[in-house]
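Please open the structure in your viewer and keep the selection tool at hand. This tour moves from one selection to the next and says what is found at each stop.

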Amino acid sequence: MTTAATPRLPVTAIIAPGWDQPRWQRALVAAAPGLEVRLWPDLGDVSEIEAVLLWKQPAGALAGMSRLGLAQSLGAGVEHLLNDPAIGDHVALGRAVDPAMTGEMVRFVVHAVLAISVDAAGYRAQQAAGLWEERSVPGGALRVGMLGLGELGAAAAQALAGLGFTVTGWSRSARQVAGVTCLSGADGLNRLIGGADCLVNLLPLTDETRGLIDAALLARLPRGAHLVNVARGGHVVEADLLAALDDGRLASATLDVTAVEPLPQGHPFWSHPKIVLTPHVAAASTPETMAPILAESLRRHAAGRPPLDPVERTRGY
Ligand code: NDP
Ligand code: OXD
């Protein structure tokens, strides 16, 4: 009896400056024994590299990789793949989808929305002022609008619906998510915005979604609405957001992401009383949970198949 030979795994490089690359390497080799993994910046002869695992690679880092066939993001976002001129159209693109990451995002969004629904910020201010007084809070009456119903948005929307919130979601194509009113298209967006006391953003950053959250959109939200942005800073026109917070149209903004990261010192977001800021930590990629998924994509690539979660260049995500 003959058995089919296992295809050789691609020579792989990790380029994720600032991350614990040796930890990713250990997790990957544990998931795919025998895999050759090289770490930025010591890539050796780059013409041998066939697959790259990337997070915010420096410009030019992929120069000379003439055998590159797979570029895989170590995060859910893929702007760094699509914007790198060294990644030709023949190179397959993959993005990170990991149930552990989804769980992190769901907990982060649920925490942010619950804090708004019980007016945690208002009670903290009252405590600081020594005030024992019941506040009028929206509680379960808070209507949530979820921009994006993909891996993360759908899971977060479903969790919020399970907690009793009225949740409406928006996506490019028509979707079905249990307990969530799903809308699409320009009309769908208008309907969602008009009834969103709390707008949560989990869209990918594309040519179509960049700057979507601008003065016009913010003006269509119910007065006193809240924004939770856990996707990308580029979705929000920052000057418009500040204006909406300052004139009371928007009650608060919970921002995990900003247009420039790290947020520059002196930026008005740092000290704004209505902004809750975290440093892009809503859902981190974890080597130990991601490695088996990445290993499977490398095996598929070796067998001439697309990675597990391919990126569609024409959609931009
Ligand atoms: P997915 O690709 O799974 O989902 C994207 C969703 O957005 C889909 O529902 C898609 O519609 C919808 N969408 C895309 N373009 C449009 C458009 N023009 N109009 C309407 N809907 C649109 O992405 P994920 O859920 O995995 O991730 C979303 C984003 O979250 C990432 O791109 C990343 O930027 C961000 N992120 C942030 C993290 C953090 O720590 N802050 C961590 C991880 C991710 P359709 O369903 O029709 O395709
Ligand atoms: C991601 C992110 O895209 O961390 O995974 O933002």
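The tour below visits a ligand and its surroundings, and then a residue in a loop. Please keep in mind throughout that this is a predicted model.

Begin by selecting ligand 2 together with the residues that surround it, which are Trp 55, Gly 75, Ala 76, Gly 77, Met 101, Arg 232, His 280 and Ala 283. If you colour this shell by class, you will find 4 nonpolar, 3 polar and 1 charged residues.

Next, look at the oxygen atoms of ligand 2, taking the polar contacts one at a time. A polar side-chain atom of His 280 lies 2.5 Å from an oxygen atom of the ligand, and a polar side-chain atom of Arg 232 is placed 2.8 Å from a ligand oxygen. At Gly 77 it is a backbone N or O atom that lies 2.6 Å from an oxygen atom of ligand 2. Taken alone, ligand 2 exposes 200 Å², and the protein buries 87% of that.

Now leave the ligand and select Thr 258, which sits in the loop that runs between strand E11 (250-255) and strand E12 (275-277). Is Thr 258 buried or exposed? Thr 258 counts as buried, because its relative accessibility is 8%, and the cut-off for buried is under 20%.

With Thr 258 still selected, follow its side chain to the backbone oxygen of Val 260, which it reaches at 2.8 Å. Finally, display the residues in contact with Thr 258, leaving aside its neighbours within four places in sequence: these are Gly 233, Glu 238, Leu 263, Phe 269 and Leu 277.

Definitions and conventions:
Residues are numbered from 1 along each chain as its sequence is written. Chains are lettered from A and ligands numbered from 1 in the order in which they are written. This is a predicted model: local features need pLDDT of at least 70, side-chain atom pairs count only at pLDDT 80 or more; totals for chains, interfaces and linings use all residues. Side-chain values use heavy atoms; hydrogens and water are left out. A residue is near a molecule or strand if one of its heavy atoms lies within 4 Å of it. A polar contact is a pair of N or O atoms within 3.5 Å; within protein, one must be able to donate a hydrogen and the other to accept it, and residues adjacent in sequence count only if both atoms are side-chain atoms. Accessible areas come from the Shrake-Rupley method with a 1.4 Å probe; for residues, only the protein chains shown count as cover. Ala, Val, Leu, Ile, Met, Phe, Trp, Tyr, Cys and Pro count as nonpolar, Asp, Glu, Lys and Arg as charged, and the others, Gly among them, as polar. Helices (H or I, at least four residues) and strands (E, at least two) are DSSP runs, numbered from the N terminus. Buried means under 20% relative accessible area, exposed over 50%, partly exposed in between (1.4 Å probe, protein chains only). Contact means heavy atoms within 4.5 Å.
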